[in-house]
Structure formats: structure tokens, C-alpha cells
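This report looks at side-chain contacts and at the surface, and it is best read with the structure open alongside.

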Amino acid sequence: MKKDSFDGSNLQGKMGGILGDKFWNELHHALPRKGPDVDIYETKQEGIIVVEIPGLSSPNDVQITLEFQSLILQGEIPYEYPVAKEKISLGERRFGRFKRRIQLPFHYSPDQIQAHYKNGLLEIRLLKKVVSKEVEIRFEEENS
């Protein structure tokens with residue numbers, strides 16, 4: 001069964017005629033940032049998490065922790081411009097420290113995890129694990 005999802009990819013374009021570009025630019029700066037953008041998809045064998053984190057230069061720049069059904073990402077996106085942040089006339093990119101907790105929609109094997117970073121994308125692959133267990137039900141008669 002496929003979950004219904006909202007496709008907001010062109011919401012700004014659809015609403016632009018009504019609200020205008022100035023509204024969207026101001027809204028973009030007013031909303032709190034939750035961390036890097038993430039995509040998750042599954043194959044029969046794996047769950048794949050793709051995280052957009054530009055500018056990393058070392059594996060030490062980001063930490064990945066698995067905690068129950070959550071993946072926790074922590075790190076810092078470096079600020080590499082030769083001018084102060086206040087001098088940026090349009091600033092949509094994220095910089096600085098982040099922490100993001102992602103609820104995983106599948107069970108995984110904690111021993112079979114791979115992470116690969118290329119072109120600003122961190123790809124994390126988790127081997128899926130089928131989790132099922134039969135529960136025995138015992139009946140006890142009540143003494144009346």
C-alpha cells in the first residue's frame with residue numbers, strides 16, 4: 001500500500017502569482033532550519049538515506065548515530081566565503097552546526113551499514129531486516 005504524500009516541489013511557483021516572490025523570500029528566512037535536506041527510499045534489500053551536506057572535507061565533519069528506529073546526523077557545514085555573513089545579499093544555503101533526527105520507516109541490521117560521501121551528498125545504506133516474532137498466548141482458567 002502506497003502512502004499518500006504531498007508534492008510541494010512547485011508550491012512556490014503555483015502560489016507565486018498570488019503571494020509574489022518577496023513573500024517567499026521573506027518566508028524562507030523566517031522558517032526555522034531543521035538541518036540538511038534528506039531523501040529516503042527503499043529497495044527489497046536496503047534502505048537508502050541521501051543527505052545534502054555540501055563542503056565536507058573529512059569523515060570527522062559529520063557523525064552518524066543509529067538509535068532504535070532513528071538515524072541521528074550531527075556536524076557542521078563550513079562557511080567558506082571571503083565576506084562576512086551579514087554581507088550576503090541573498091543567503092539561502094545552510095551553514096554552521098546541525099543536528100537532525102530522522103525516523104526510519106524500515107527495520108535494519110545494525111551490523112551492515114555503509115556511508116559514502118560524493119559531490120555534496122552523503123549516502124547511507126542500511127541492510128533491511130525482517131522483524132517478526134510469533135507471540136504465544138496462554139489461557140488460564142479463572143476459579144469461581
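## Salt bridges

A salt bridge is counted here when a side-chain nitrogen of Lys or Arg lies within 4 Å of a carboxyl oxygen of Asp or Glu. The model is a predicted one, and by this rule its count comes to seven salt bridges. One of them joins E76 to R97, with the closest N and O atoms 3.9 Å apart, a distance that qualifies because the cut-off is 4 Å. Since E76 belongs to strand β4 and R97 to strand β5, the pair ties together parts that are 21 residues apart in sequence. E76 is partly exposed, with a relative accessible area of 39%, whereas R97 counts as exposed at 58%.

Another salt bridge brings the side chains of E46 and R125 together, at 2.5 Å from N to O. E46 lies in strand β2 (residues 46-52) and R125 in strand β7 (residues 121-128), so this pair ties together parts that are 79 residues apart in sequence. R125 has a relative accessible area of 23% and is partly exposed. Through salt bridges that share partners, E46, E123 and R125 are joined into one network.

## A salt bridge between two loops

R94 and D37 also meet through their side chains in a salt bridge, with 3.2 Å from N to O. R94 is placed in the loop between β4 and β5, and D37 in the loop between α1 (11-30) and β1 (38-42), so the contact ties together parts that are 57 residues apart in sequence. R94 counts as partly exposed at 26% relative accessibility, and D37 counts as partly exposed at 37%.

## Aromatic pairs and their cluster

How many aromatic pairs does the structure hold? There are three aromatic pairs. In one of these, Y79 and Y81 are arranged edge-to-face, with 5.4 Å from centre to centre and 90 degrees between the planes. The rings of Y81 and F95 have centres 5.7 Å apart and planes at 75 degrees, so this pair is edge-to-face. The contact between Y81 and F95 links distant parts of the chain, 14 residues apart, with Y81 and F95 each placed in the loop between β4 (70-77) and β5 (96-103).

Y79, Y81 and F95 form one aromatic cluster. As for exposure, Y79 counts as partly exposed at 25% relative accessibility, Y81 is partly exposed with a relative accessible area of 39%, and F95 is partly exposed with a relative accessible area of 25%.

## A charge over a ring

Y79 takes part in a further contact, in which the charged end of K85 sits over the ring of Y79, 5.4 Å from the ring centre. Y79 therefore has the charged end of K85 over its ring and also pairs edge-to-face with Y81.

## A nonpolar patch on the surface

Which residues make the nonpolar surface patch of about 290 Å²? The patch is made by I18, L19 and F23. Of these residues, L19 is found in helix α1, and L19 is partly exposed, with a relative accessible area of 38%. That value fits the rule for patches, because their residues must have over 30% relative accessible area.

Conventions: Residues are numbered from 1 along each chain as its sequence is written. This is a predicted model: local features need pLDDT of at least 70, side-chain atom pairs count only at pLDDT 80 or more; totals for chains, interfaces and linings use all residues. Side-chain values use heavy atoms; hydrogens and water are left out. Rings of Phe, Tyr and Trp (its six-membered ring) pair if their centres lie within 6.5 Å; planes under 30 degrees apart count as stacked, over 60 as edge-to-face and the rest as tilted. Buried means under 20% relative accessible area, exposed over 50%, partly exposed in between (1.4 Å probe, protein chains only). Helices (H or I, at least four residues) and strands (E, at least two) are DSSP runs, numbered from the N terminus. A charge sits over a ring if NZ of Lys or CZ of Arg is within 6 Å of the ring centre and within 35 degrees of the ring normal. Patches are made of residues with over 30% relative accessible area and no salt bridge: like charges are joined within 9 Å, nonpolar side chains (Val, Leu, Ile, Met, Phe, Trp, Tyr) within 5 Å. Accessible areas come from the Shrake-Rupley method with a 1.4 Å probe; for residues, only the protein chains shown count as cover.
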